[in-house]
Amino acid sequence: MIIVPLGVASATPTAVRHLPSVALWREGDVHLFDCGENAQMRMLQAGLKRSKIENILISHFDVDHFSGLIGLLSTLQLQRREKPITIAGPKGIKQYVEWNIEFAKINLNFEIKFVEVEEDFESERVVDQEEYYIEARPLNHTSFCIGYRFQEKDRPGKVDAEKAESLGITEDEQYKALKAGDDVELEDGTIIKSYDIVGHPRPGDSFAYITDTRYCPNAVKLAMNTNILYHEATFSESLAEKAAETGHSTSADAARVANEAQTKLLVIAHFSARYTNPFVLLREARAKFFPAWLATELRPIYTNPAQEKGIVKQRVYIKEVDDKGGSKGGPRKKSRDKGDKKRFRKRKGSSDRKSRSRDDSSRRRKRRPDNQGHRKSKDDNNDQGSSRPPKHITPRTPFDNFDRF
Ligand SMILES: [Zn+2]
């Protein structure tokens, strides 16, 4: 499965972060966890087809987590969707969607299957399909909030065809029976045991979506042994009190859940707008759990990179921020500013002019220092960046009070 963060902000979007939403791609289908404003646009930019959405799972009714839902449904209608879609969430989601659709006079051509969970529930499979299920459990926020676990069902073990043939298995029906776990009796009375031919069942991949919660045991249960745990980390440890007060987690809380659940990979997201550079949160998480990553909008996270890389191709350039808060990489042509470009051209011209009068080996010698010189100038820029006073935690504006997250 492929996880694509579509929005990693908390309640307040910033110039570079969108409201919460995560897409899970599996076997061509998409499952959407929360649907913040812009989720449908981010899907487009991520290279994910909106028509492929099977399930939408809403965590709670803080506006930032579901404000993109009606717009997305309207788009699906305009795309002439016919396939049913499932929307799961806290009780009230059905009323909210139906009222909006009626108010906006949208004539839906497709069926919406609602799965609503009541506040006092313990755990529930909100979706249960042949190959996967989605489990929900209540979390611990200031309002009723649900965490989800997407679990692929175990696949049957591989059949050792050579061994089966050598033992006298020839018919397709016999293979099927062995694969289903049944023993097969040959004509001469020999019994071929299924476990001799069929390997161990292969465990399915799993993903947990835990957002807007203080640390709670249900988060650990949902995340138990997952391949990927996507956990909110709204605050750093220094704001633990504020996290507790507003019903959120610190990056250390996220790492604690990851440790207790023995997840394979922790991905933190839902960053407070005050962190212009979320690496401070990553450092704290990594001090307690590894591997831990920052969710980067539109950058896919794979459970099986060898097979999955290249399936989801984003259509926009992802700007990366390094741990000093500066940007790095980028499209090559654009990464050089105009001044650099001019200087580079000039140098290239002058080196070419000189090289005309020299032999090949001297040209090679001449070029090497040129390249190094170019690289060095880049490093110099970085050095300048790091010599600036660290800007890890900066309020967006002095007037924001960040009461809500
Ligand atoms: Zn939130």
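Which residue in β16 is the bridge partner of I3? In this predicted model, that partner is I301, and the pair offers a convenient way into the sheet to which β16 belongs. Strand β1, which covers residues 2–7, is joined to β16 by two bridges, and these two strands run antiparallel. Strands of a sheet pair through backbone hydrogen bonds, in either a parallel or an antiparallel manner.

Seen as a whole, the sheet is open and has seven strands, arranged in the order β6-β5-β4-β3-β2-β1-β16 with mixed pairing. Its edges are formed by β6 (112–117) and β16 (301–302), each of which pairs on one side only. Helix α1, made up of residues 39–46, packs on this sheet and touches β1, β2 (21–26) and β3 (29–33), while its direction makes about 130° with that of β1. Towards the β6 edge, helix α3 (residues 93–103) lies across β5 (85–90) and β6, and runs at about 145° to β6.

Another part of the chain can be followed from K264, a residue found in the loop that links α9 (251–261) to β14 (265–269). K264 counts as partly exposed because 15 C-beta neighbours lie inside 10 Å, a count that falls between the limit of 12 or fewer for exposed residues and that of 20 or more for buried ones. Once neighbours within four places in sequence are left aside, K264 is in contact with T226 and N227. The C-alpha atom of K264 is also separated by 6.1 Å from that of I228, although these two residues are 36 residues apart along the chain.

Notes
Residues are numbered from 1 along each chain as its sequence is written. This is a predicted model: local features need pLDDT of at least 70, side-chain atom pairs count only at pLDDT 80 or more; totals for chains, interfaces and linings use all residues. Helices (H or I, at least four residues) and strands (E, at least two) are DSSP runs, numbered from the N terminus. Two residues are in contact if their C-beta atoms, placed from the backbone, lie within 7 Å. Two strands pair if DSSP finds at least two bridges between them. Axes are lines fitted to C-alpha atoms, for helices over the stretch in contact, and angles run from 0 to 180 degrees between N-to-C directions.
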